[in-house]
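Work through the exercises below with the coordinates open. Try each task before reading its solution.

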Amino acid sequence: MPAVEDEKLLLEAKRAAGNAYAPYSGFPVGAALLGEDGTIFTGCNMENASYGLTICAERVALGKAVSEGVRRFRALAVWAPVASWPCGACLQCLAEFAPGLRILRGGEDGVRESTTLAEIFPASFRLAGS
Ligand code: THU
């Protein structure tokens with residue numbers, strides 16, 4: 001059973017999914033990224049007629065946070081029709097700032113689960129020597 005804070009973060013992700021622009025896939029995703037100071041940054045997927053230009057919900061949320069000067073995070077919640085973990089591209093971007101990030105997923109399918117970034121993406125790319 002998720003903690004109350006987890007439920008709140010999932011609710012924010014669900015709310016953000018309501019803004020998803022996903023006319024091509026029909027798969028609206030929402031993300032809510034909890035900054036170290038308690039600020040929540042949300043994001044939704046934004047598709048494009050040139051399909052490869054699509055941006056995932058998680059990277060929208062991360063970009064909003066970083067552009068506001070926030071680089072340290074406590075947790076990320078992802079909401080989708082079918083509960084999903086972030087894709088590899090998003091995990092790589094998240095690993096840049098928070099390799100041990102706690103990640104929650106929830107969906108219209110009723111699934112609620114948590115894990116850590118380190119657990120599902122243990123070998124992110126690093127430039128040699130960094
Ligand atoms: N999507 C996300 O927003 N986050 C992910 O981690 C994986 C997939 C979006 C991209 C696309 O708009 C739709 O889900 C179907 O792939």
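Buried means under 20% relative accessible area, exposed over 50%, and partly exposed in between (1.4 Å probe, protein chains only). Helices (H or I, at least four residues) and strands (E, at least two) are DSSP runs, numbered from the N terminus. The model is predicted: local features need pLDDT of at least 70, side-chain atom pairs count only at pLDDT 80 or more, and totals for chains, interfaces and linings use all residues. Residues are numbered from 1 along each chain as its sequence is written, and side-chain values use heavy atoms, with hydrogens and water left out.

**Exercise 1. Find the buried residues of helix α3 and state how they are arranged around its axis.**

Step 1. Helix α3 spans residues 88-97. Its buried residues are C90, L91, L94 and A95.

Step 2. Look down the axis of α3. The buried residues fall within an arc of 140 degrees, so they line one face of the helix. The arc is that of the directions from the helix axis to the C-beta atoms.

Step 3. Recall the helix geometry. An α-helix has 3.6 residues a turn, so residues three or four places apart point the same way.

Step 4. Identify the cover. It includes β1 (30-35), α2 (57-67), β3 (73-80), β4 (102-107) and α4 (117-120).

**Exercise 2. Repeat the analysis for α2.**

Step 1. The buried residues of α2 are A57, E58, A61, L62 and A65.

Step 2. They cover an arc of only 130 degrees around the axis, which puts them on the same side of α2.

Step 3. Elements covering these residues include β1, β2, β3 and α3.

Step 4. Check what follows the helix. Just after α2, G69 has a positive phi of about 90 degrees.

**Exercise 3. Is T42 buried or exposed, and which residues does it touch?**

Step 1. T42 sits in strand β2 (residues 40-44).

Step 2. Its relative accessible area is 14%, so T42 is buried.

Step 3. Leave out residues up to four places away in sequence. T42 then touches E12, R15, A16, A31, A32, A61 and K64. Contact means heavy atoms within 4.5 Å.

**Exercise 4. List polar side-chain atoms that lie close to ligand atoms, with distances.**

Step 1. Apply the cut-off: a polar contact is a pair of N or O atoms within 3.5 Å.

Step 2. Take the ligand oxygens. A polar side-chain atom of N45 lies 2.9 Å from a ligand oxygen. For E47, the distance to a ligand oxygen is 2.4 Å.

Step 3. Take the ligand nitrogen. An N or O atom in the side chain of E58 is 2.8 Å from a nitrogen atom of the ligand.

Key:
Polar contact = N/O pair within 3.5 Å; in protein donor to acceptor, adjacent residues only side chain to side chain.
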